[in-house]
Amino acid sequence: MGRVIAIANQKGGVGKTTTAVNLAACMAAAEKMTLLIDLDPQGNATQGLGIDKNSLEASVYDFLINDTPASEIMCETEWDNLYIMPANRDLVGAEVELVDVEGREYRLKNQLEALLDEFDYIFIDCPPSLSILTLNGLVAADGILVTLQCEYYALEGLSELLQTVILVRDNLNPNLSVFGVLLTMYQHTNLCKQVIDDVRGHLGESVFQTIIPRNVTLSEAPSFGKPVIYYDLKSAGAQSYLSLAREVIARG
Ligand code: ATP
Ligand code: MG
């Protein structure tokens, strides 16, 4: 049975999508059958894997709302073992339409069940909110990977996020655990070092040893529709995500 990991933080721009795309690509390169689910109407993960979000015949929206089978939505990528369930603006509608659907938090989980045997890892790129979409991600997942940007306000909002994890675990999904906390956009400054100490002090072992540096290659690769390992393997960004993938595999 595959692992399902939701990459989440309600804070915007903290490296969720960059992590989702690049971790998924590294896992696939390690011969793990990998599916990335884009659960964000921004469609950044979709674009990041080279799929045009504006010309989708079906998307995660149809998966959640119309019970369209996964086989009609999943796209192959250019790379072996790597598949994407793409999203675009349509997904905004799902937020509204799910409001009075019974079992609305379980839509993604129920739909995914049939895919668990096909994949070793399913990553879910959540939007920057604690919306019904993110809730669907957390209910479908067995672990949450939280990305924290190395900045002064890194921990801001984290207690609210962890409170949500506890609520989900108590009420909707007893299997949910914190799979790991990843520090992103590290720069060699005293502030960053202080943030790392602080985060490790608060969160201990759950924090990955791998820290993702601020690296321009990571921000360039998406405009070519490529994960960083296929854009510039030698870059610090690519090497850091390969290192993260090794840690993820080691965590099981
Ligand atoms: P949102 O909350 O909007 O979904 P996000 O948490 O998914 O954002 P990303 O889209 O991954 O965050 O990153 C935000 C911006 O920072 C993007 O332009 C991305 O290319 C850039 N970025 C992310 N990680 C790095 C990094 N390690 N080095 C340099 N740029 C980065
Ligand atoms: Mg994102």
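**Figure 1. Ligand 1 and its polar neighbours in the predicted model.** In this predicted model, a polar backbone atom of Gly15 sits 3.0 Å from an oxygen atom of ligand 1. Lys16 joins in through its side chain, where an N or O atom is 2.8 Å from an oxygen atom of the ligand. Look also for Gln42, which places a polar side-chain atom 3.3 Å from an oxygen atom of ligand 1. Taken alone, the ligand would expose 630 Å², and the protein buries 80% of that area. In total, 18 residues surround ligand 1, and those that come nearest are Lys16, Thr17, Thr18, Pro213 and Asn215.

**Figure 2. The open sheet, strand by strand.** Eight strands make up this open sheet, and their pairing is mixed. To find your way across, follow the order E3-E4-E2-E5-E1-E6-E7-E8. Strand E3 (75-76) and strand E8 (207-213) are the edge strands, each pairing on one side only.

**Figure 3. Strand E6, covered on both faces.** Here we zoom in on strand E6 (143-149), in which seven of seven residues are buried. In a regular strand, side chains alternate between the two faces of the sheet. On one side of E6 you will find Gly143, Leu145, Thr147 and Gln149, and on the other Ile144, Val146 and Leu148, all of them buried. Strand E1 (residues 3-8) pairs with E6 in the parallel sense over four bridges; within this pairing, Ala8 has Val146 of E6 as its bridge partner. E6 also pairs with E7, again in the parallel sense, this time over seven bridges. For a handy landmark between these two strands, pick out Gly143, which stands opposite Ser177 in E7.

**Figure 4. Strands E7 and E8 with helix H8.** Strand E7 (residues 177-186) pairs with E8 in the parallel sense, over three bridges. One pair to pick out is Val181 and its bridge partner in E8, Val207. Helix H8 (residues 190-203) packs on the sheet and touches E6, E7 and E8. The direction of H8 makes about 160° with that of E8.

**Figure 5. Arg107 and its contact with Asp67.** Arg107 belongs to helix H5 (residues 107-112). Its side chain and that of Asp67 are joined by a polar contact of 2.9 Å. Is Arg107 buried or exposed? Arg107 counts as buried because its relative accessibility is 18%, and the cut-off for buried is under 20%. Leaving aside residues up to four places away in sequence, Arg107 touches Leu64, Ile65, Asp67, Leu98, Val101 and Asn136.

**Figure 6. Two loop residues with positive phi.** Asp67, the contact partner of Arg107, lies in the loop between helix H3 (60-65) and E3. Although Asp67 is not a glycine, its phi is positive, at about 55°. With a relative accessibility of 47%, Asp67 counts as partly exposed. Asn81 is found in the loop between E3 and strand E4 (82-85). Phi of Asn81 is near 65°, again a positive value in a residue other than glycine. Asn81 has a relative accessible area of 23%, so this residue is partly exposed.

Conventions
Residues are numbered from 1 along each chain as its sequence is written. Chains are lettered from A and ligands numbered from 1 in the order in which they are written. This is a predicted model: local features need pLDDT of at least 70, side-chain atom pairs count only at pLDDT 80 or more; totals for chains, interfaces and linings use all residues. Side-chain values use heavy atoms; hydrogens and water are left out. Two strands pair if DSSP finds at least two bridges between them. Contact means heavy atoms within 4.5 Å. Axes are lines fitted to C-alpha atoms, for helices over the stretch in contact, and angles run from 0 to 180 degrees between N-to-C directions. A residue is near a molecule or strand if one of its heavy atoms lies within 4 Å of it. A polar contact is a pair of N or O atoms within 3.5 Å; within protein, one must be able to donate a hydrogen and the other to accept it, and residues adjacent in sequence count only if both atoms are side-chain atoms. Accessible areas come from the Shrake-Rupley method with a 1.4 Å probe; for residues, only the protein chains shown count as cover. Buried means under 20% relative accessible area, exposed over 50%, partly exposed in between (1.4 Å probe, protein chains only).
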